[in-house]
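Trainee: Hi! Could you walk me through this one while I have it open?

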Amino acid sequence: MALDVLVPQMGESVLEGTILEWKVKVGEPVKLNQVLVELMTDKVNVEIPAEIEGILTHQFAKEGEVVPVGTRIAVIDDGKGPATKAEAAPKKAAPEAPAQPAAAPPTPKPRAEIKATAEMGKGKMSPKVRMMIREYSVDPLTVTPTGKEGRVTVDDVMRAVEERSQAAGFTPGPIPAPPAPMVAVPSAPPAEKAPAPEKAREPLVKVEIPVFEPLPAAQRETRTPLAGIRKMISDHMVKSVHTSPHVTTFEDIDFTELVKYREEIKNSFVTNYGAKITYMPFIIKAACLALKEFPKINASMTEKEIIFKNYYNIGVAVAREEGLIVPVIKNADKKTIVELAVELNSIGERARTNQLMPDDVSGGTFSITNAGMFGAASSTPIINQPQVAILGVHAIIKKPWVVKGEIVIRDISNFGLSFDHRLIDGHIAVQFLHRIHEYLADPRLLLMQLR
Amino acid sequence: MVIEEKAKYLGWVLQLGRVEFERALQWQHGLVKLRKEGLVRDTLILVEHPPVITVGKDGHPENFEALDCEPYFIERGGDVTYHGPGQLVAYFIFNLSRRGRDIHAFMSNIQDGIIRTLEQIGIKARKDEEHTGVWVDKKKIASVGVAVRNWISFHGAAVNLNTDLSDFKRISPCGLDADVMTSAKALVGHQIDMAEFGRQLIEAYTDVFETAFYPVRLDEIAEDIESQAGGNVI
């Protein structure tokens, strides 16, 4: 049967190619995927492979000729089916690859250095097999090759894995899936097994769910007394939720401009000031300006009175092994972005090394917590009593965003503002959060408020 | 705090540092075969070469006849070009069958990634309808030339960051006058941090190719490449 070789589709706007070089002459045998001809288009050299094995019987285009996509440029005859001119081609040119003499294994290419690692096992391995050996962490020396010419097959590796798990005491022999394979392992067994089609559908890795004995009572659970900082956090959280009717309002904040600006300055910032520049100094600055505009949010309350604070001490939650702590940046409204960045670096470091003084964690008037550091896209924070609001900032994620009727990609972080509904009405909280958004979306507005 | 949106494809990136052209070429050949077999992911290679002249399939002898050394004749499209220190070379071992077999879009993406990254260092670059490559005004800052074998791409692009432009004078790059070449350093007036540029380029290609590129080390895949390329890798 003869198969036409066409100039392939190479993309919508690619309409033609130039024949650079025929790699196979008329009358010559071709193997599957062997390069027949090289085409050139738009500084791309495309090698056109043979899609069947056979004999190249015709060429319809000369080297240097420009051929449109879809043109028939050659014919391959596989010698099967209805008789064609292929009969005329030299019979000796068998379509099969020249067979190696079965008895004498081919001498491997001299590759001295690599031998030590690549072929340490008992047999030769294909890249696929070697990849499996790596993924299952199999010692190549434990694999007994059964393939042709002493090759290690996929089945050999699986057997070694099974033997290893049996030796380790897993009698049912469930084979664990490889740890997050970086490379897709083709699930079909190797070609030697080809004649058994139903076998070919069996999964490469059969996973059985293991059943485990319950642990002895003494080991089932571990108990420790609730004390120290954990007890304090626990009491504080319960008290806060009981005291303040929490409401959380959300707004997606456009960070695109700030992300750009920070990218520009972050390297020189470290050089100049010895501190990393994060988004937090900008958020603190924006929050201080918004707090001045909405004084109810920078306040606290007793049963009898409301206390408006005319100073702006911003608590910034820091995660630690022992539990959350909220060091306070005093008079944040009077500090520059640079000063805030440097102070955040030092206070964060002191928090993580347990060097905070009591003064460092008291006197806050408003708090900010950054769950985005760990990837959170959104959350509802709990108010840090006796304050009346807390701002939760989250991961900056690239999102489709509509600007002037067009979809564009913007850097977006969802902010959640939890507020005490006893004191703060919804419209105040929403406007406050929106004001923060305005400052962060266009950091130039921060300039307008410089003193 | 910035999290990449979920990419459509997973890929690898190999950052090789300075490596001889011929050696990198062997790795490319090995990776192409492995990619065809599905044994590696789409791989972006970033590398810098010692000075070397290469000629693509569209090479015209008059463009490099004055050379005092033997150029490499290689599979990519395009004419003669120069690689050397200060130039960031990106090779793309991508399975185009999984990306719609659109060669024009692929070439366009390669150039777009470079344009975006140049923009970050303050250079406004563009594509040119007639002459493939990345252009700043009338000067060429990056050359692009690709080969496709079994729908696996290889070769790629060379961006002149701190390249000594006088080296181009030994040839007629891509059949053009050597003066047409420029570099980022020549444009902005100071040395470009190649590692940082490479990092930004990977980010740009993450967007452009919708591919999350995971860094891999050469020694992790060296054995496989070597067995396909038929030579020592490390």
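Mentor: Happy to. Let me start with a term: a residue is buried if 20 or more other C-beta atoms lie within 10 Å of its own, and exposed if 12 or fewer do. Keep in mind, too, that this is a predicted model.

Trainee: Okay, let's use that. Is Val55(B) buried or exposed?

Mentor: Val55(B) has 21 other C-beta atoms within 10 Å, so Val55(B) is buried.

Trainee: And where does Val55(B) sit?

Mentor: Val55(B) belongs to strand β4 of chain B, which covers residues 52–55.

Trainee: Which residues does Val55(B) touch, if I skip its neighbours within four places in sequence?

Mentor: With those left aside, Val55(B) is in contact with Phe64(B), Pro71(B), Tyr72(B), Phe73(B), Asp79(B) and Val80(B). You can also look at Arg76(B): it is 21 residues from Val55(B) in sequence, and their C-alpha atoms are 8.2 Å apart.

Trainee: What sheet is β4(B) in?

Mentor: An open sheet of three strands, in the order β5-β4-β6 of chain B, with mixed pairing. The edges are β5 (72–73) and β6 (80–83) of chain B; each has a single partner strand, so one side of each lacks a neighbour in the sheet.

Trainee: How do β4(B) and β5(B) run, parallel or antiparallel?

Mentor: They run parallel, and two bridges join them. Val55(B) stands opposite Phe73(B) of β5(B), and Phe73(B) is also among the contacts of Val55(B).

Trainee: Nice. Zooming out, what's in chain B as a whole?

Mentor: Chain B has five helices and 11 strands. Of its 234 residues, 52% count as buried. Take the contacts in chain B between residues at least 6 apart in sequence: 69% of them join residues at least 24 apart.

Trainee: Which helices should I look at in chain B?

Mentor: Try α2 (residues 103–120) and α4 (residues 194–208) of chain B, whose axes come within 8 Å and cross at roughly 130°. Angles from 65 to 115 degrees count as roughly perpendicular and those over 145 as roughly antiparallel, and α2(B) and α4(B) are therefore oblique to each other. The crossing is right-handed.

Trainee: What residues meet there?

Mentor: From α2(B) there are Asn109(B), Asp112(B), Gly113(B), Arg116(B), Thr117(B) and Gln120(B), and they meet Phe197(B), Gln200(B), Leu201(B), Ala204(B), Tyr205(B) and Val208(B) of α4(B). By class, that contact has five nonpolar, five polar and two charged residues.

Trainee: Switching to chain A now. What's the overview?

Mentor: Chain A comes to 11 helices and 19 strands. Buried residues make up 29% of its 451 residues. Of the contacts in chain A with a separation of 6 or more, 61% are between residues 24 or more positions apart.

Trainee: Any helix pair to look at there?

Mentor: Yes, α8 (residues 280–293) and α10 (residues 426–441) of chain A pack at an angle of about 135°, with their axes 9 Å apart. They are therefore oblique to each other, and their crossing is right-handed. On the α8(A) side the contact includes Phe282(A), Ile283(A) and Leu289(A), and on the α10(A) side it includes Phe432(A), Ile436(A) and Leu440(A). By class, this contact has 10 nonpolar, no polar and two charged residues.

Trainee: What about sheets in chain A?

Mentor: One is an open sheet of four strands, ordered β1-β8-β6-β3 in chain A with antiparallel pairing. Its edges are β1 (2–6) and β3 (29–30) of chain A, each with a single partner strand, so one side of each has no neighbour in the sheet. Inside that order, β6 (residues 54–59) and β8 (residues 72–77) of chain A run antiparallel and are joined by four bridges. Leu56(A) stands opposite Ile76(A) of β8(A).

Trainee: I clicked on Gly70(A). Where is Gly70(A)?

Mentor: Gly70(A) is in the loop between β7 (66–68) and β8 of chain A. It has 11 other C-beta atoms within 10 Å, so Gly70(A) is exposed. Leaving aside neighbours within four places in sequence, Gly70(A) is in contact with Leu6(A) and Val7(A). Gly70(A) and Leu6(A) are 64 residues apart in sequence, and 5.4 Å apart from C-alpha to C-alpha.

Trainee: Last one: what do β18(A) and β19(A) form?

Mentor: A hairpin with two residues between the strands, and Lys404(A) in the turn has a positive phi of about 50°. β18 (residues 396–403) and β19 (residues 406–420) of chain A pair in the antiparallel sense over eight bridges, with Trp401(A) opposite Val408(A) of β19(A).

How values were computed
Residues are numbered from 1 along each chain as its sequence is written. Chains are lettered from A and ligands numbered from 1 in the order in which they are written. This is a predicted model: local features need pLDDT of at least 70, side-chain atom pairs count only at pLDDT 80 or more; totals for chains, interfaces and linings use all residues. Two residues are in contact if their C-beta atoms, placed from the backbone, lie within 7 Å. Two strands pair if DSSP finds at least two bridges between them. Axes are lines fitted to C-alpha atoms, for helices over the stretch in contact, and angles run from 0 to 180 degrees between N-to-C directions. Angles under 35 degrees count as roughly parallel, over 145 as roughly antiparallel, 65 to 115 as roughly perpendicular and the rest as oblique. A crossing is left-handed if the near helix is turned anticlockwise from the far one by less than a right angle, and right-handed if clockwise. Ala, Val, Leu, Ile, Met, Phe, Trp, Tyr, Cys and Pro count as nonpolar, Asp, Glu, Lys and Arg as charged, and the others, Gly among them, as polar.
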